[in-house]
Amino acid sequence: MSRKVDSVKDINDSKETWRLAIRIMDVWSVVNNKGIEHLEMIVMDSLGDRIQVLIRHDHSLKWKEVIKENMTCIINNGSVYNNDFQWKVCDHSNKIVFLGGTTMKAIELQNIPPKGYFFKDFGEILQGKCKTDRLEDIIGAVSEINHIQSNTPGKKVVVSVVLKDLK
């Protein structure tokens, strides 16, 4: 008999073996200033709880061709750490890091909602009802570009914009 499935909301560093039934909501590649690439993704369980996942550079080749956005799967055994990313994409205080012993089995799970967006209302942002280290989904239009900084080779382009609420 297989182990029971854990809920994303219950993920913490109190144990080392986790079994999650999830949908991969988004996956992206990050290249640091030394040219080293790692993968990050956001996963969600059937209750709609989300957690950020890191796949270190020494494991990214193994997973790059396997992981597909919107796929559902069972993940076993990742390490849990405090989510210390500069920019967070969900509210969970922890992150999961794939290890050499992490396994993933693609399986059709109808009980997990398809990829969705979690839009933040402009009013909440203007009232300061948001976390300053959190990336939010918004609907709006760029009405003005204040500043573009792109002179530094190997660095990300920084753009300061004014958004207009399209409600």
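**Note on the predicted model: salt bridges, strand pairing and cores**

1. A search of the whole structure finds 5 salt bridges, and it should be kept in mind throughout that this is a predicted model. Lys4, Asp6 and Lys15 are linked in a network of such bridges. Within that network, Lys4 pairs with Asp6 with their closest N and O atoms 3.7 Å apart, while the side chains of Lys15 and Asp6 meet at 3.3 Å, N to O. The surroundings of the three residues can be set out in turn: Asp6 is buried, at a relative accessible area of 9%, whereas Lys4 is exposed at 62% and Lys15 is partly exposed at 35%.

2. Another of the salt bridges joins Asp58 to Arg56, with the closest N and O atoms 2.6 Å apart. Asp58 is partly exposed, with a relative accessible area of 45%, and Arg56 is likewise partly exposed, with a value of 35%.

3. Asp58 falls within the range of helix α1, residues 57-64, and this helix also holds Ser60. Ser60 counts as buried because its relative accessible area is 5%, which is under the 20% limit. The side chain of Ser60 reaches the backbone oxygen of His57 at 3.1 Å, and, not counting residues up to four places away in sequence, Ser60 touches Glu37, Leu39 and Ile55.

4. Strand β1, residues 19-31, pairs in the antiparallel sense with strand β4, residues 72-82, over 5 bridges, and Leu20 stands opposite Ile75 of β4. β1 also pairs in the antiparallel sense with strand β2, residues 37-44, over 8 bridges; here the partner of Asp26 is Ile42 in β2. β1 and β2 form a hairpin with 5 residues between them, and in the turn Gly35 has a positive phi of about 80 degrees.

5. What is the nearest side chain of opposite charge to Arg23, and how far away is it? Arg23, which lies in strand β1, is buried yet has no salt bridge, and the side chain in question is that of Glu108, 5.4 Å away. As a salt bridge requires the nitrogen to be within 4 Å of a carboxyl oxygen, this pair does not count, because the separation lies beyond that cut-off. The side chain of Arg23 does, however, reach two backbone oxygens, that of Asn70 at 2.7 Å and that of Pro113 at 2.7 Å. Its contacts outside the four nearest places in sequence include Ile42, Met44, Thr72, Leu109 and Lys115.

6. The largest nonpolar core has 21 residues, and those with the most contacts inside it are Ile22, Ile24, Met41 and Met104. The elements giving two or more residues to this core are β1, β2, β3 (50-55), β4 and β5 (94-106). Apart from it lies another core, of 9 residues, among them Ala21, Met25, Val89 and Cys90. Leaving aside neighbours within four places in sequence, Ile24 is in contact with residues including Met41, Val43, Ile67, Met71, Cys73 and Met104.

7. Ile139 deserves a separate remark, its place being in the loop between α2 (122-126) and β6 (140-149). Ile139 counts as partly exposed because its relative accessibility is 48%. Leaving aside its neighbours within four places in sequence, Ile139 is in contact with Phe119, Phe122, Asp165 and Leu166. The C-alpha atoms of Ile139 and Gln86, which are 53 residues apart along the chain, are separated by 23 Å.

How values were computed: Residues numbered from 1 in each chain as written. Predicted model: local features only at pLDDT ≥ 70, side-chain atom pairs only at ≥ 80, totals over all residues. Heavy atoms only, no water. Pairing = 2+ DSSP bridges. Helix = DSSP H or I, 4+ residues; strand = E, 2+ residues; numbered from the N terminus. Buried < 20%, exposed > 50% of the residue type's maximum accessible area, 1.4 Å probe, protein only. Contact = heavy atoms within 4.5 Å. Lys, Arg positive; Asp, Glu negative; His and termini not counted. Polar contact = N/O pair within 3.5 Å; in protein donor to acceptor, adjacent residues only side chain to side chain. Core = buried A, V, L, I, M, F, W, Y, C linked by side-chain atoms within 4.5 Å.
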